[in-house]
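Me: Could you take a close look at one part of this structure for me? I'd like to see how the sheet is put together.

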Amino acid sequence: SLCNLRCKYCFYSDVSHNRSESSMGIMKKEVMEKLIEQSLTLPVDTVQYCFQGGEPTCAGIDYFKAFTEYVNIKNTQGKQYAIQTNGTLLNEQWIQLLKENRFLVGISIDGFVKNHDYFRKDAQGKGTLKTILFNLRRLRNAGIDFNVLTVLTKELSKKPKELYHFYKENNFDFVQIIPCLPSLQRNE
């Protein structure tokens, strides 16, 4: 449930506020190593390690370096990495790590500025689209495969042409659209 954004419809925030302990923190090194070791006992040719929110990059670059280094030491079979991120914390260190380990990157982006910045604000209440588009250019320039994931809200569903044009203008070839989940508190 760790995240640097304050999205209006956040599923993880809703879930974490309905638990006795809102955040379990970051996985301990011993647990991470055990998880990796156990994953390598599976009868598969390729092990996929997928990271998603809250916001996985909040765990920090050192956590991901330790994770990928341990996998590289232990894994003699195939491996793949994927991460679903809001893309706001990506810097040159992150780009290098993602490229070196051939991560498939999913970027959460809710379309054109009016919609995205209304729903996806940072902790100071500011929109995040400009930062995300900048970091998407970094991913492209580094040759990192990525897709975009958009949360389809009631408001956005009324603007399919604007959303389509936004995708087209930004050359987003791989797009996922998921429905916005209702709040756990609603009785609908």
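Reply: Here's a walk through the sheet, starting from one of its strands. First, some ground rules: this is a predicted model, where local features need pLDDT of at least 70, side-chain atom pairs count only at pLDDT 80 or more, and totals for chains, interfaces and linings use all residues. Residues are numbered from 1 along each chain as its sequence is written, and side-chain values use heavy atoms, with hydrogens and water left out.

Five strands form an open sheet, in the order E1-E2-E3-E4-E5, with parallel pairing. (Strands are DSSP runs of E, at least two residues, and helices are runs of H or I, at least four, numbered from the N terminus; two strands pair if DSSP finds at least two bridges between them.) At the edges sit E1 and E5 (175-179), each pairing on one side only. On average, neighbouring strands are turned by 20° against each other, direction ignored.

Now zoom in on E1 (residues 46-51). Val47, Tyr49 and Phe51 make up its covered face, while Thr46, Gln48 and Cys50 lie on the uncovered one. That fits a general pattern: in a regular strand, side chains alternate between the two faces of the sheet.

E1 pairs with E2 (residues 78-85) in the parallel sense over six bridges, and Cys50 has Ala82 in E2 as its bridge partner. E2 also pairs with E3 (residues 103-108), again parallel, over five bridges; there, Tyr81 stands opposite Phe103 in E3.

And the helix? H3 packs on the sheet, touching E1, E2 and E3 (contact means heavy atoms within 4.5 Å).

Note on methods:
Buried means under 20% relative accessible area, exposed over 50%, partly exposed in between (1.4 Å probe, protein chains only). Axes are lines fitted to C-alpha atoms, for helices over the stretch in contact, and angles run from 0 to 180 degrees between N-to-C directions.
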